[in-house]
Amino acid sequence: MQTRLRENLDRVRDQIAEAAQASGRTVDEVRLIGVTKYVDIETTQALLELGCQDLGESRPQQLWAKAEALASYSPHWHMIGHLQRNKTKRTIPLLSVLHSGDSLRLLKAADNDWTGDAPLATFIEVNISGDDAKGGFPPADIAPALRQIAALKRLRIVGLMGMASLEGGRTQAQKDFAGLRELRDQLRSDCPEEVSLDELSMGMSHDFDLAIREGATMVRVGSSLFEGLS
Ligand SMILES: *Cc1c(COP(=O)(O)O)cnc(C)c1O
């Protein structure tokens with residue numbers, strides 16, 4: 001397993017470096033989040049041992065179990081899926097980064113439940129595709145909410161997070177990512193100074209190269225890392 005996992009990780013890292021170079025950026029401007037939601041604790045541990053310290057989970061219960069079992073590795077946990085408000089109290093203190101800040105209510109709950117000394121790095125999740133099944137702020141709702149978001153002192157807003165449409169393949173994905181970057185650029189023109197929008201969390205296994213070309217600073221990659229493992 002370790003050999004195959006290492007090959008997969010090397011390949012993904014090479015692809016990240018290639019896409020970064022192609023867009024005139026350096027590889028250390030893009031952080032790889034290894035999404036471990038498909039795999040067990042043992043495989044997650046193997047990924048940590050290969051040096052992938054940034055791990056993403058979309059289900060709180062799995063994050064709790066892995067955070068406990070793998071505490072000695074001190075991974076950086078990234079919450080990337082919808083967080084119900086009755087799970088924030090237990091989940092938020094475990095995080096390094098909250099990607100799925102998908103409503104003002106959730107952001108307020110996260111602000112309330114964060115226990116760290118420094119503010120929690122948090123993304124505003126945007127529903128770029130307009131897909132009903134997807135979470136996130138409708139793009140037009142962000143500007144009016146920015147002052148209230150800026151008032152949440154225990155959160156440090158770092159940027160926008162989004163997912164490409166399910167339909168339309170890579171062509172549509174590229175448009176969605178460009179749209180998220182453009183939205184970010186527009187929001188910057190009238191943004192409270194407490195809110196930074198420097199980061200873009202976008203791109204998954206099938207489209208992270210496109211996301212990097214459109215300015216992604218964090219890519220969330222799962223299935224490509226675990227290909228061929230069983
Ligand atoms: C599952 C998931 C990913 C990773 O998807 P892959 O296609 O397996 O790389 C990324 N982001 C979110 C929000 C996810 O739920």
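Me: What do the buried residues of H3 pack against?
Reply: They pack against helix H2 (41-49), strand E2 (54-57), strand E3 (76-79) and helix H4 (88-91), where contact means heavy atoms within 4.5 Å. This is a predicted model, in which local features need pLDDT of at least 70 and side-chain atom pairs count only at pLDDT 80 or more, while totals for chains, interfaces and linings use all residues. Residues are numbered from 1 along each chain as its sequence is written, and side-chain values use heavy atoms, with hydrogens and water left out.

Me: Which residues of H3 are buried?
Reply: In helix H3 (residues 60-69) they are Pro60, Leu63, Trp64, Lys66 and Ala67. Helices (H or I, at least four residues) and strands (E, at least two) are DSSP runs, numbered from the N terminus.

Me: Why is Arg25 called buried?
Reply: Buried means under 20% relative accessible area, exposed over 50%, and partly exposed in between (1.4 Å probe, protein chains only). Arg25 has a relative accessible area of 16%, so Arg25 is buried. Arg25 lies in the loop between H1 and E1, and, leaving aside neighbours within four places in sequence, Arg25 is in contact with Ala20, Val30, Ile212, Gly215, Ala216 and Thr217.

Me: Why is Lys37 called partly exposed?
Reply: The relative accessible area of Lys37 is 31%, and therefore Lys37 counts as partly exposed. Lys37 is found in the loop between E1 and H2, and, not counting residues up to four places away in sequence, Lys37 touches Gly56, Glu57, Ser58 and Gln62. An unreviewed UniProt entry lists Lys37 for "modified residue: N6-(pyridoxal phosphate)lysine", although such annotations may be inferred rather than shown by experiment.

Me: What surrounds the ligand?
Reply: The ligand is surrounded by Val35, Lys37, Tyr38, Ile80, Met163, Met204, Ser205, Arg220, Val221, Gly222 and Ser223, each with a heavy atom within 4 Å of the molecule.

Me: What makes the pair formed by Tyr38 and the ligand a polar contact?
Reply: A polar contact with the ligand is a pair of N or O atoms within 3.5 Å. A polar side-chain atom of Tyr38 lies 2.5 Å from an oxygen atom of the ligand, so this pair meets the limit. A polar side-chain atom of Ser205 also lies 2.5 Å from a ligand oxygen atom, and for an N or O atom in the side chain of Ser223 the distance to a ligand oxygen is 2.6 Å. The protein covers 91% of the 390 Å² of accessible area that the ligand has on its own, an area that comes from the Shrake-Rupley method with a 1.4 Å probe.

Me: How do you know that E1 and E8 pair?
Reply: Two strands pair if DSSP finds at least two bridges between them. Strand E1 (residues 31-35) and E8 have four bridges, in the parallel sense, so they pair. Within this pair, Arg31 stands opposite Met218 in E8.

Me: What makes both faces of strand E8 covered?
Reply: In strand E8 (residues 218-221), Met218 and Arg220 on one side and Val219 and Val221 on the other are all buried.

Me: What makes E5 and E6 a pair?
Reply: Strand E5 (residues 120-126) and E6 share seven bridges in the parallel sense, with Ala121 opposite Arg156 in E6. Strand E6 (residues 155-162) is also mostly covered, as seven of its eight residues are buried.

Terms used:
Polar contact = N/O pair within 3.5 Å; in protein donor to acceptor, adjacent residues only side chain to side chain.
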